Amino acid sequence: MYCEKCGKEVQDGQVCDCQTTVVTDQAAGNSKLFSILSYISILWLLGLLISPEKNDPKVKFHVGQGIILSIVGAALGITAGIISGIMTAILPDLLAALLTAPISLAASAASIIWMVLGIINAAKGEQKQLPIIGQYAFIK
């Protein structure tokens, strides 16, 4: 559990040093929700901006992973689009489609796999980095 005001970790039912209110399971539920949302498109903005969850170390970790996932997913999509455009310009349409479809499919599949792995980790309350790209998260 985390303090709703300052984000400090405390035991359920305990009073944090910074306040006189009791920390409840509601804060933990919101923390998990915002951690999960961090992996869905740009919904990581919610965990980055909404208080008190923005102070929760678990939410910060998953927000960082979600941001890097958004950046890499967009880069993969743009790269696949550029390759598709080049192939379409220099090859017959059918051949270009046959060559670029696997590239686009691989880019989409990688993004979806990373998203699902992140959501599973967040739902379990674990702070595991996403394979390959997680080490580059700049919010930790």
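The following legends describe an overview and several close-up views of a predicted model.

In this predicted model, local features need a pLDDT of at least 70 and side-chain atom pairs count only at pLDDT 80 or more, whereas totals for chains, interfaces and linings use all residues. Residues are numbered from 1 along each chain as its sequence is written, and side-chain values use heavy atoms, with hydrogens and water left out.

**Figure 1. Overview of the protein, with 4 helices and 0 strands.** From the N terminus on, the order of the elements is α-α-α-α; helices (H or I, at least four residues) and strands (E, at least two) are DSSP runs, numbered from the N terminus. The mean pLDDT, the predictor's confidence in each residue from 0 to 100, is 87, and 86% of the residues reach 70 or more. Among the elements, helix H1 (residues 25-37) has the lowest mean pLDDT, 79, and helix H3 (residues 57-90) the highest, 95. Where pLDDT is low, the predicted coordinates should not be read in detail. Of the 140 residues, 30% are buried; buried means under 20% relative accessible area, exposed over 50%, and partly exposed in between (1.4 Å probe, protein chains only). The protein exposes about 8,000 Å², with carbon and sulfur atoms supplying 68% of it. Accessible areas come from the Shrake-Rupley method with a 1.4 Å probe, and for residues only the protein chains shown count as cover. Among contacts (heavy atoms within 4.5 Å) between residues at least 6 apart in sequence, 50% join residues at least 24 apart.

**Figure 2. The largest nonpolar core, 9 residues in all.** Its members are Tyr39, Ile68, Leu69, Val72, Trp114, Ala122, Leu130, Ile133 and Ala137. H3 and H4 each supply at least two residues of this core, and the largest share, 3 residues, comes from H3. A nonpolar core is a set of buried Ala, Val, Leu, Ile, Met, Phe, Trp, Tyr and Cys residues joined through side-chain atoms within 4.5 Å. Apart from this core lies another, of 5 residues, among them Phe34, Trp44, Val59 and Val63. In soluble globular proteins, nonpolar side chains tend to be buried together.

**Figure 3. Surroundings of Ala122 and Gln65.** Not counting residues up to four places away in sequence, Ala122 touches Lys32, Ser35, Ile36, Tyr39 and His62. Gln65 is found in helix H3 and counts as buried because its relative accessibility is 2%. Leaving aside neighbours within four places in sequence, Gln65 is in contact with Tyr39, Lys128, Gln129, Leu130, Gly134 and Ala137.

**Figure 4. The salt bridge between Lys128 and Glu126.** A search of the whole structure finds 1 salt bridge, defined as a side-chain nitrogen of Lys or Arg within 4 Å of a carboxyl oxygen of Asp or Glu. The closest N and O atoms of Lys128 and Glu126 are 3.5 Å apart. Lys128 is partly exposed, at 46% relative accessibility, and Glu126 is also partly exposed, at 27%.

**Figure 5. A nonpolar patch on the surface.** The patch is formed by Ile40, Ile42, Leu43, Leu45, Leu46, Leu48, Leu49 and Ile50, with about 610 Å² of accessible area together. Patches are made of residues with over 30% relative accessible area and no salt bridge; like charges are joined within 9 Å, and nonpolar side chains (Val, Leu, Ile, Met, Phe, Trp, Tyr) within 5 Å. One of the patch residues, Leu46, lies in helix H2 (residues 44-49) and is partly exposed, with a relative accessible area of 31%.

**Figure 6. Positive phi at Ser41 and Ile132.** Ser41 lies in the loop between H1 and H2 and has a positive phi of about 50 degrees, although it is not a glycine. Ser41 counts as exposed because its relative accessibility is 52%. Ile132, in the segment after helix H4 (93-124), is not a glycine either, yet has a positive phi of about 70 degrees. At 67% relative accessibility, Ile132 counts as exposed.

**Figure 7. Two pairs of residues separated along the chain.** Ile71 lies in helix H3 and is partly exposed, at 45% relative accessible area. The C-alpha atoms of Ile71 and Ser41 are separated by 9.9 Å, with the two residues 30 apart along the chain. Asn55 is found in the loop between H2 and H3 and is partly exposed, at 28% relative accessible area. Asn55 and Lys8 are 47 residues apart along the chain, and their C-alpha atoms are separated by 8.1 Å.
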